[in-house]
Amino acid sequence: MMNGVNIATNEKELDIKYGLIDFGPERELARASVKYILTDMNDIRKSYIKLGFHLSEFERMEYYKDFGYASLQEFCDANIGLDKSAVSRCIGVFRTFNASLDTQYRNGTISKGSSMELGTCWKDFSYSQLCEMLSLDEKTRELVKPEMTIKQIRELKKK
């Protein structure tokens, strides 16, 4: 994993490990995308929604191919230190709980905002709670409260 990367880091200075597959020349924005992902990783507690957004975009644009990998997961494992399940959870939290998708009422709140922000009605939840809630349907999510422990959320899942 590359440490010390921030938004001011020059993309040319990134020490990226390349895979064995040659998909063609590296695209200009591929390195910039890696830099955003690494910057988000350095402040994960504040940036997990941004990280999910950037990972999702990296996957959608297939930037991993620019570095010789067949999948986002392979690239992340080699360069970022995130395994397949961590990548999946981060993207899942982004896709499920970002502010641009939060158009339904939750506790009397409607939120519309940036996809790189957590929806207003989810701001009091931790990343771990949101990960646990990914597999819940919307109706069951309404029953989850920010003060609930992970164990309590799991018990609710069993019901």
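Is Glu132 buried or exposed at 11% relative accessibility? In this predicted model, Glu132 counts as buried, because a relative accessibility of 11% falls in the class defined as under 20% relative accessible area.

**Salt bridges**

The count of salt bridges comes to nine, and three of these pairs are described here with the separation of their closest N and O atoms.

| Pair | N to O distance |
|---|---|
| Glu62 and Lys65 | 3.3 Å |
| Glu132 and Lys157 | 2.9 Å |
| Glu155 and Lys158 | 3.6 Å |

The salt bridge of Glu132 with Lys157, at 2.9 Å, brings together residues of two helices: Glu132 lies in helix α5 (residues 127-133) and Lys157 in helix α7 (residues 150-158), so the pair ties together parts that are 25 residues apart in sequence. Whereas Glu132 is buried, Lys157 counts as partly exposed, at 33% relative accessibility.

Helix α7 also holds both Glu155 and Lys158, which are three residues apart, about one turn of the helix. Salt bridges that share partners join Glu132, Arg154 and Lys157 into one network. Returning to the pair within helix α7, the side chains of Glu155 and Lys158 meet in a salt bridge, in which Glu155 is partly exposed with a relative accessible area of 38%, while Lys158 is exposed with a relative accessible area of 67%.

Elsewhere in the sequence, Glu62 forms a salt bridge with Lys65; Glu62 is partly exposed, having a relative accessible area of 34%, and Lys65 also counts as partly exposed, at 25% relative accessibility.

Technical notes
Residues numbered from 1 in each chain as written. Predicted model: local features only at pLDDT ≥ 70, side-chain atom pairs only at ≥ 80, totals over all residues. Heavy atoms only, no water. Salt bridge = Lys/Arg side-chain N within 4 Å of Asp/Glu carboxyl O. Buried < 20%, exposed > 50% of the residue type's maximum accessible area, 1.4 Å probe, protein only. Helix = DSSP H or I, 4+ residues; strand = E, 2+ residues; numbered from the N terminus.
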